[in-house]
Amino acid sequence: MTTSIVSETETAPADKNFLPGPVLLLGAPGVGKGTQAKALMAAYGIPQISTGDILRANISNGTDLGKAAKALVDQGTLVSDDLVNQMVADRLKQPDTRRGFILDGFPRTLNQANWLDTHLAADSGDLPVVAISIVVEYEQLLHRITGRRISPAGRIYNVYSNPPAVPGICDVDGSTLVQRPDDSEAVFMERMKTFEAQTAPVIEHYRKRGRFEVVDGDRPVEEVTAGILSALKRLRKDSNQ
Ligand code: AMP
């Protein structure tokens, strides 16, 4: 089992023939799970499944699920396990998950982790889960979260580290960037408490299980991506000879 901080800076060779299987991106709010999931999606051609994105899409479309989740998401509290487990189960039925998928923001409780383990074990075609824990210092996370701006299409900017060319406007489609309601300092502190109490044990669960690596997320985005790609190569050695 490897639990050391990965520090590669080279760009690991990534290709569409590599079989990634189920990949969990774990870590506190603001470590870069969404940004890195998008990079992995591009490298391997497998989908990102972000429970936060699915919930936000439901909230902006005013669905029953969105109405049930809105207050909880805005306050930084977790939505019920049954609700998110069902969302993930529905998404995993889609055929684009066959070669693998990246779970971003799930599982966030031990109940969700146990549900996922059982759900994936029921499908004998699946490779075992590999888990990457991205780690960033608390002060840096606060800075990242309060500086984050997103476009309606889900592109991620940061007013400090990755600003758009024109303030407040998406470089790609010209849409107006917004701050997520839960990216205020007060809600961030709430989300960190939730993370420590409920999600830190999930990281322990996968650390003990093996097929787990820690990646230092306090580096330029491309270096973090290279670290994750190298870690995945090691973790999937047996299924990618
Ligand atoms: P995220 O975009 O991953 O930071 O998630 C934003 C918010 O959505 C969280 O603060 C929770 O309110 C909710 N949420 C996202 N994923 C989960 C999950 N796996 N379990 C429960 N609530 C979740």
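This is a short dialogue on reading the ligand site and the aromatic pairs of a predicted model.

Trainee: Let's begin with the ligand. Which residues come nearest to the ligand?

Mentor: A good habit is to list the neighbours before looking at single atoms. Here 17 residues surround the ligand, and T51, R56, T77, G105 and Q112 come nearest.

Trainee: What classes of residue make up the shell around the ligand?

Mentor: Sort the neighbours by class and count them. The shell holds seven nonpolar residues, along with five polar and five charged ones.

Trainee: Which polar atoms lie by the ligand, and how do I read them?

Mentor: Look for N or O atoms of the protein within 3.5 Å of an N or O atom of the ligand. T77 offers a backbone N or O atom 2.6 Å from a ligand oxygen. V79 also uses a backbone N or O atom, this time 3.1 Å from a ligand nitrogen. With R180 it is a polar side-chain atom that lies 3.1 Å from an oxygen of the ligand.

Trainee: How much of the ligand does the protein bury?

Mentor: Compare the ligand on its own with the ligand in place. Alone, the ligand exposes 480 Å², and the protein buries 96% of that.

Trainee: And which elements give two or more residues to the shell?

Mentor: Those are helix 2 (51-61) and helix 3 (64-75). Helix 2 gives the most, with four residues.

Trainee: Now the rings, please! How many aromatic pairs are there in the whole structure?

Mentor: The search finds three. Let's take two of them, reading the distance between the centres and then the angle between the planes. F18 and Y44 are 4.9 Å apart, centre to centre, with 20 degrees between their planes, and this pair is stacked. Planes count as stacked because they are under 30 degrees apart.

Trainee: Why does the pair of F18 and Y44 tie together separate parts of the sequence?

Mentor: Find where each ring sits. F18 is in the loop between strand 1 (5-6) and strand 2 (21-26), while Y44 belongs to helix 1 (residues 33-44), so the pair links parts 26 residues apart in sequence. F18 is buried, at 9% relative accessible area, and Y44 is buried too, at 1%.

Trainee: What about the pair of Y138 and F188?

Mentor: That one is tilted, with 5.6 Å between centres and 50 degrees between planes. Y138 lies in helix 6 (residues 138-147) and F188 in helix 7 (residues 185-209), so this pair joins parts 50 residues apart in sequence.

Trainee: Is F188 buried or exposed?

Mentor: F188 is buried, with a relative accessible area of 0%, whereas Y138 is partly exposed, at 35%.

Methods: Residues are numbered from 1 along each chain as its sequence is written. This is a predicted model: local features need pLDDT of at least 70, side-chain atom pairs count only at pLDDT 80 or more; totals for chains, interfaces and linings use all residues. Side-chain values use heavy atoms; hydrogens and water are left out. A residue is near a molecule or strand if one of its heavy atoms lies within 4 Å of it. A polar contact is a pair of N or O atoms within 3.5 Å; within protein, one must be able to donate a hydrogen and the other to accept it, and residues adjacent in sequence count only if both atoms are side-chain atoms. Accessible areas come from the Shrake-Rupley method with a 1.4 Å probe; for residues, only the protein chains shown count as cover. Ala, Val, Leu, Ile, Met, Phe, Trp, Tyr, Cys and Pro count as nonpolar, Asp, Glu, Lys and Arg as charged, and the others, Gly among them, as polar. Rings of Phe, Tyr and Trp (its six-membered ring) pair if their centres lie within 6.5 Å; planes under 30 degrees apart count as stacked, over 60 as edge-to-face and the rest as tilted. Buried means under 20% relative accessible area, exposed over 50%, partly exposed in between (1.4 Å probe, protein chains only).
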